[in-house]
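Take a moment with the sequence and the fold before reading on. The paragraphs below lead from the whole chain to its parts.

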Amino acid sequence: MTTVLNVDAVNRSFGERQVLKDVSFTVDSGRLTGFVGANGAGKTTTMRIVLGVLAADSGAVTWHGAAITRADRQRFGYMPEERGLYPKMTVAEQIVYLGRLHGIAAADARRRTTALLDRLELTERANDPVEKLSLGNQQRAQIAAALVHDPELLVLDEPFSGLDPIAIETVLAVLRERARAGTAVLFSSHQLELVERLCDDLVIIADGTIRAAGSRSRLRDQYTLPRFRIEVDSDAGWLRDEPGVTLVELDGRRAVVDLDPGADEQPLLRAALTRGPVRAFAPVRPSLAEIFREVIQ
Ligand SMILES: Nc1ncnc2c1ncn2[C@@H]1O[C@H](COP(=O)(O)OP(=O)(O)OP(=O)(O)O)[C@@H](O)[C@H]1O
């Protein structure tokens, strides 16, 4: 895994309104990078700048350390928010056509299209015009279109919106396969639980400013509260009076407590053990939704 895409101090305004402010982050090959932020935070604008659809006012986007060329862009795959398939063309024709536009030979494009439609469970709809497909199936076709040329960088704007739970699982699996094969994947999503399941790295943006970026595990460690879950054999109500801890939740023998800042958890564990067996004692890791709420405040 290497850093392949570098977004460096990118600024962009529309009229008087600055929508990206010194946006910097990196995307690594072989990793899935989740890009999250509220509506209007600047995700689509950033993605468009990466793809060269929109220009930055200042700052730079580099690919393998150099300015992005047209040839590089041929090896990028993009699923735009506004989707963009031709409604009258059949699904298969369209994907073959897009593969050809990316420089793939006709026979190869057909072979890849067949394989992708199979993988995305769209084979039965291959010869239907796109406009006849349900929105969810159009979405799968759009994903196939972004993948047909086996891109080195895949940029997906809300790839899960409009998909049913089964399609979501299929798309999650396909994206994981691509990353495992070395593709750098940058995807935005409002569905934080999906981002949490899928991403290796995370970029959090609010009001055009990057608020946090890094590997999911590092961010989780960084934002972990001094919070512990504890389970004992008898009522855990004594925790109310235990110095150095605040009781967050109590359910009979189970409790969640926050330690005072800087406090060590071992004295608490010892105090629990003096009262009998301790069945569970573990830090509570924050969910991505909790990290997100904390970071964007
Ligand atoms: N072409 C444009 N002209 C004027 N304003 C724009 C244009 N494109 C985007 N904006 C504004 O820039 C801000 C960022 O928009 P952007 O689409 O990048 O956000 P986003 O994070 O992708 O949001 P969403 O999750 O809703 O898609 C918004 O306030 C939007 O209204």
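**A walk through the model**

Of the 297 residues of the protein chain, 36% count as buried. Buried means that 20 or more other C-beta atoms lie within 10 Å of the residue's own; exposed means 12 or fewer, partly exposed is in between, and C-beta atoms are placed from the backbone. This is a predicted model: local features need pLDDT of at least 70, side-chain atom pairs count only at pLDDT 80 or more, and totals for chains, interfaces and linings use all residues. Residues are numbered from 1 along each chain as its sequence is written.

The C-alpha trace of the protein chain spans about 75 × 45 × 35 Å along its principal axes. Its secondary structure comes to 10 helices and 14 strands. Helices (H or I, at least four residues) and strands (E, at least two) are DSSP runs, numbered from the N terminus. Among contacts in the protein chain with a separation of 6 or more, 68% join residues 24 or more positions apart. Two residues are in contact if their C-beta atoms, placed from the backbone, lie within 7 Å.

Start with an open sheet. Its 4 strands follow the order β2-β1-β4-β5, with antiparallel pairing. Two strands pair if DSSP finds at least two bridges between them. The edge strands, β2 (17–28) and β5 (66–67), each pair on one side only. Inside the sheet, β1 (residues 3–14) and β4 (residues 58–63) are joined in the antiparallel sense by 5 bridges. One residue pair to find is Asn 11 and its bridge partner in β4, Ser 58. Helix α1 lies across β1, β2 and β4, and it runs at about 120° to β1. For that angle, axes are lines fitted to C-alpha atoms, for helices over the stretch in contact, and angles run from 0 to 180 degrees between N-to-C directions.

Helix α1 also leads to the ligand. Which residues surround the ligand? They are Phe 14, Val 19, Gly 37, Asn 39, Gly 40, Ala 41, Gly 42, Lys 43, Thr 44, Thr 45 and Glu 81. A residue belongs here if its C-beta atom, placed from the backbone, lies within 6 Å of the molecule. Helix α1 (residues 43–51) gives the most to this shell, with 3 residues. By type, the shell holds 3 nonpolar, 6 polar and 2 charged residues. Ala, Val, Leu, Ile, Met, Phe, Trp, Tyr, Cys and Pro count as nonpolar, Asp, Glu, Lys and Arg as charged, and the others, Gly among them, as polar.

Now look at strand β8 (residues 184–188). Here 5 of the 5 residues are buried, so β8 is largely enclosed by the rest of the structure. Both of its faces are covered: Ala 184, Leu 186 and Ser 188 are buried on one side, Val 185 and Phe 187 on the other. In a regular strand the side chains alternate between the two faces of the sheet. Strand β3 (residues 32–36) pairs with β8 in the parallel sense over 4 bridges. Strand β7 (residues 153–157) also runs parallel to β8, and 5 bridges join them. Ser 188 links both pairings: Phe 35 stands opposite Ser 188, and Asp 157 has Ser 188 as its bridge partner.

Helix α7 (residues 192–198) contains Leu 198 and Val 195. Leu 198 has 24 C-beta neighbours inside 10 Å, so it counts as buried. Leaving aside neighbours within four places in sequence, Leu 198 is in contact with Leu 32, Gly 34, Leu 172 and Leu 175. Val 195, by the same rule, touches Gly 34, Val 36, Ser 189 and Leu 288. The C-alpha atoms of Val 195 and Thr 44 are 16 Å apart, with their positions 151 residues apart along the chain.

Finish with the cores. The largest nonpolar core has 67 residues, of which Ile 95, Ala 144 and Val 155 touch the most other members. Such a core is a set of buried Ala, Val, Leu, Ile, Met, Phe, Trp, Tyr and Cys residues joined through C-beta atoms within 7 Å. Its largest share, 6 residues, comes from helix α5 (residues 135–147). Another core, of 10 residues, lies apart from it and includes Phe 228, Ala 236, Leu 239 and Val 257. The buried residues of helix α3 pack against α4 (106–119) and α5.
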